[in-house]
Amino acid sequence: MHRDLLASRQICQVEVDEGVESLELPFKTTGNLPKDVVVVWRDSEDRKVHVYKNGSGQPEEQHHDYKDRTKMDEDLLRTGDLSLTLKQPTERDSGVYKCMVTSSSIIQYKIIPLKVKGRVQVQDQTGDIRNRSSSIDPTPLMADQSV
């Protein structure tokens with residue numbers, strides 16, 4: 001059987017700040033996909049982030065770091081929206097994500113770089129680490145030590 005290879009060459013980088021509720025890795029293709037389609041999202045370490053086959057998500061196949069943190073459109077066969085929602089992203093999630101779509105008649109893939117920017121942390125004179133963006137402290141970072 002002949003298989004068509006369709007590649008999405010448009011690479012769009014997703015960049016968010018750590019602390020956002022969720023982010024979307026976009027991937028839209030033609031609608032009315034065949035029922036035997038398998039969609040696998042993988043991260044930079046080739047771990048399975050999300051697996052869709054047999055008409056639904058397969059959470060037992062995903063890596064434990066992504067458990068309860070991913071979601072795809074439930075009607076993706078009809079809509080062709082293969083975008084992945086990643087909940088509570090952290091700096092550790094930064095990397096290149098790949099989506100591979102296979103069936104008996106098509107193969108598609110997309111690569112999306114993701115950068116999750118961590119919060120800037122400052123160390124005060126007591127050695128405590130605090131988030132500069134989330135705490136407002138009127139005391140200076142470097143206190144005068146002269147006697």
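This is a guided tour of a predicted model, with suggestions on what to select next and what is there.

**The whole chain**

Start with everything shown as a cartoon. The protein has one helix and twelve strands. Read from the N terminus, the order of elements is β-β-β-β-β-β-β-α-β-β-β-β-β. Of the 147 residues, 33% are buried. The protein exposes about 9600 Å², and carbon and sulfur atoms supply 49% of that area. Among contacts between residues at least 6 apart in sequence, 57% join residues at least 24 apart.

**Colour by confidence**

Now colour the chain by pLDDT. The mean for the protein is 81, and 73% of the residues reach 70 or more. Select residues 1-9: pLDDT stays under 50 there, and the model has 20 contacts beyond four places in sequence for this stretch. Then select residues 128-147. Here too pLDDT stays under 50, and the model has 23 contacts beyond four places in sequence. Where pLDDT is low, the predicted coordinates should not be read in detail. Hide both stretches if they get in the way.

**The nonpolar core**

In soluble globular proteins, nonpolar side chains tend to be buried together. The largest nonpolar core of this model has 25 residues, and L25 and W41 are those with the most contacts inside it. To see where the core comes from, select the elements that give two or more residues to it: β2 (14-17), β3 (22-25), β4 (38-42), β5 (48-53), α1 (76-79), β8 (84-87), β9 (95-102) and β10. Strand β10 supplies the largest share, four residues.

Next, show L25 as sticks. Which residues is L25 in contact with, leaving aside its neighbours within four places in sequence? The list is V14, W41, S83, L84, Y97, I112 and L114.

**Q108, a polar side chain in β10**

Stay with strand β10, which covers residues 106-117, and select Q108 within it. Is Q108 buried or exposed? Its relative accessible area is 10%, below the 20% cut-off, so Q108 is buried. Add T29 to the selection: the side chains of Q108 and T29 make a polar contact at 2.8 Å.

**Y66, a buried loop residue**

Move to the loop between β6 (56-57) and β7 (70-72), where Y66 is found. The relative accessible area of Y66 is 1%, so this residue counts as buried. To see what surrounds it, show the residues that Y66 touches beyond four places in sequence: D43, R47, K48, V49, L86, D93 and Y97. K87 is another residue to select: its C-alpha atom is 8.9 Å from that of Y66, although the two are 21 residues apart along the chain.

**Salt bridges**

Ten salt bridges are found in the whole structure. Begin with R47 and D43, both of which Y66 touches. Their side chains meet in a salt bridge of 2.8 Å, N to O. R47 and D43 are both buried.

Then select E61 and K48, whose closest N and O atoms are 3.5 Å apart in a salt bridge. This pair links distant parts of the chain: E61 is in the loop between β6 and β7, while K48 is in strand β5, 13 residues apart. E61 is partly exposed at 25% relative accessibility, and K48 is partly exposed at 26%.

A third pair is D75 and R78, with closest N and O atoms 2.6 Å apart. D75 has a relative accessibility of 32% and so counts as partly exposed. R78 has a value of 52%, so it is exposed. Finally, select D43, E45, R47 and D65 together: salt bridges that share partners join them into one network.

**Two residues with positive phi**

The last stops concern the backbone. Select N32 in the loop between β3 and β4. N32 has a positive phi of about 55°, although it is not a glycine. Its relative accessible area is 65%, so N32 is exposed.

Now select D46 in the loop between β4 and β5. D46 is not a glycine either, and has a positive phi of about 65°. At 47% relative accessibility, D46 counts as partly exposed.

Notes
Residues are numbered from 1 along each chain as its sequence is written. This is a predicted model: local features need pLDDT of at least 70, side-chain atom pairs count only at pLDDT 80 or more; totals for chains, interfaces and linings use all residues. Side-chain values use heavy atoms; hydrogens and water are left out. Buried means under 20% relative accessible area, exposed over 50%, partly exposed in between (1.4 Å probe, protein chains only). Contact means heavy atoms within 4.5 Å. A polar contact is a pair of N or O atoms within 3.5 Å; within protein, one must be able to donate a hydrogen and the other to accept it, and residues adjacent in sequence count only if both atoms are side-chain atoms. Accessible areas come from the Shrake-Rupley method with a 1.4 Å probe; for residues, only the protein chains shown count as cover. pLDDT is the predictor's confidence in each residue, from 0 to 100. A nonpolar core is a set of buried Ala, Val, Leu, Ile, Met, Phe, Trp, Tyr and Cys residues joined through side-chain atoms within 4.5 Å. A salt bridge is a side-chain nitrogen of Lys or Arg within 4 Å of a carboxyl oxygen of Asp or Glu.
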